[in-house]
Amino acid sequence: MTLAEPRPASAPVVDLGAGNGPEWIDRWLAAHADDVVGWRRALHARPELARREFETTRLCAETLTAAGLKPRLLPGTGLICDIGEGPRTVALRADLDALPLTEHTDASYSSRVPGVAHMCGHDAHTAMLLGAGLALASAPSLPGRVRLVFQPAEEVQPGGALDVIAADGLDGVDRIFALHCDPRLEVGKVGTRTGAITSACDMLELRLTSPGGHTSRPHLTADLVHALGTVITGLPDLLSRRVDPRSGTVLVWGTVQAGHAANAVPQQGMLAGTLRTAEHATWNELEPLVRSLVTALLAPTGVGYVLEHRRGVPPVVNDAVSADLLACAAERAGGPAAAVGTEQSSGGEDFGWYLEHVPGAMGRLGVWSGVGEMSDIHQPTFDLDERALPVGVRTLVHAALASLGG
């Protein structure tokens, strides 16, 4: 398989920003916009899970190398690639991994890997970054260095961004940008905001133990199911009284398991869910608070327990300068109406780890056609309007140029 396969089966993709320049990016997209679509479709058809993106990494490396660039492979999966030289460096990031979902679309390029699918748009992110990189490489000159970051494992916590950072992928970087597909925005739009654009997300797993017993004699044992119920309802209630409600903190349980017989008190049980907050300061306070509340709730029940609080990702907090640069980039790519505001999401994104080290911004790329309903990301029916791909290429290019002063 090559990144040129499968080729787009329909009419050539429309470049909504054609004529906005600079001349060299207009020229590159006129010749290669369909290649970007072809790359996205090839990646979509052969998705790979987190830290298993070996073929995806290889294909990206080969495409960059064929263009005369020198990508550096990261340990495991992922790569970085520098373009140009200068005293300042701006990074552009894409994520490579797919989701453990079965695709339910009738697209000719739908996933050929059972139980794995690009239902979050990472295939588009990767194709757009390849396009931006090759377009930048075609420029007569650049005002500085652009680093392409093809990151593994965004979909698992605490995220592959930490792998990139550990491999010195941010060394020398002054600013970093990324785009994420958003089916709530119409194609041609890029949503930006100053401040937090995503939320922190932690995973909670609580395991309970009891001697077990007969349900007719709960007073002679520790009632494990009752204890689970106490935490299920009590912990969210107590958090709502101990955490500032303006922080957007929310605990939602996703699974509970205990017992098999109606007349037996089980010996083991498990409860797991996600804990999210919109504020970085609150995120730092949650783990000790949750532990103290769980202890207080379970103390009267007599059950044994082990709480695993897995810290996930921090919020993505766009600094004001970077957010303005990204909005200007969207306008240069698509005209004055292209840049729009956007709300903070309660979803998590490991791009936040980069912003713990350098300033930067993430924007939301509109991928809705404007006709009919659009399935949300992480749904098996998700797909996107491929006219968004040239928009993303242009926006990333202009974000890099603006950041470098070009």
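## Lonely cysteines, a gathered site and two cores

The sulfur of Cys120 sits 7.8 Å from the closest cysteine sulfur, which belongs to Cys181, and that is too far for a bond. Keep in mind that you're looking at a predicted model. Cys120 also turns up in a UniProt "binding site" feature, taken from an unreviewed entry, so let's start with the cysteines and then move on to that site.

**Cysteines**

- How many disulfides does the structure hold? The count is 0.
- Cys120 is a buried residue, with a relative accessibility of 4%.
- Cys81 is in a similar spot when it comes to bonding: the closest cysteine sulfur is in Cys60, 11 Å away, and that's too far for a bond.
- Cys81 counts as buried too, because its relative accessibility is 1%, and buried here means under 20%.

**The annotated site**

- The UniProt record puts its "binding site" feature at Cys120, His122, Glu155, His180 and His378.
- Why can residues so spread out in sequence be said to gather at one spot? They span 259 residues, yet no two of their C-alpha atoms are more than 13.0 Å apart, so they do come together.
- From this set, Cys120, Glu155, His180 and His378 help line the largest pocket.

**His122, one of the site residues**

- You'll find His122 in helix α3, which runs over residues 122-137.
- Is His122 buried or exposed? With just 1% relative accessibility, it counts as buried.
- Looking past residues up to four places away in sequence, His122 touches Asp95, Leu96, Asp97, Glu154, Glu155 and His180. Glu155 and His180 are also named in the UniProt feature.
- With Asp95, there's a polar contact between the two side chains, at 3.2 Å.

**His378, another site residue**

- His378 isn't in a helix or strand; it belongs to the loop between β16 (360-368) and α9 (388-404).
- Its relative accessible area is 38%, so His378 is partly exposed, whereas His122 is buried.
- Setting aside neighbours within four places in sequence, His378 is in contact with Leu99, Leu101, Met119, Cys120 and Glu155. Cys120 and Glu155 belong to the annotated set as well.
- The backbone of His378 has a positive phi of about 70 degrees, although this residue is not a glycine.

**Nonpolar cores**

- The largest nonpolar core has 63 residues, and those with the most contacts inside it are Leu64, Leu92, Leu136, Val146, Leu148, Phe150 and Val397.
- Which element gives this core its largest share? That's α9, with 11 residues.
- There's a second, separate core of 24 residues, and Val231, Val243, Leu275 and Leu286 are among them.
- Back in the largest core, take Leu148: beyond its neighbours within four places in sequence, its contacts include Leu64, Leu92 and Cys81.

**Backbone oddities**

- Gly21 and Pro22 are joined by a cis peptide bond, with omega about 0 degrees. Pro22 lies in the segment before α1 (23-45).
- Another cis peptide bond runs from Gln157 to Pro158, with omega near 5 degrees. Pro158 is in the loop between β4 (145-151) and α4 (161-166).
- Ala153 is found in the loop between β4 and α4 as well.
- Ala153 is not a glycine, but it has a positive phi of about 60 degrees, and at 0% relative accessibility it counts as buried.

Methods
Residues numbered from 1 in each chain as written. Predicted model: local features only at pLDDT ≥ 70, side-chain atom pairs only at ≥ 80, totals over all residues. Heavy atoms only, no water. UniProt positions renumbered as here; feature names shortened; annotations may be inferred. 1 Å grid on protein atoms, 1.4 Å probe; cavity = no way out; pocket = protein on both sides within 12 Å on 5 of 7 lines; lining within 4 Å. Helix = DSSP H or I, 4+ residues; strand = E, 2+ residues; numbered from the N terminus. Buried < 20%, exposed > 50% of the residue type's maximum accessible area, 1.4 Å probe, protein only. Contact = heavy atoms within 4.5 Å. Polar contact = N/O pair within 3.5 Å; in protein donor to acceptor, adjacent residues only side chain to side chain. Disulfide = S-S within 2.5 Å. Core = buried A, V, L, I, M, F, W, Y, C linked by side-chain atoms within 4.5 Å.
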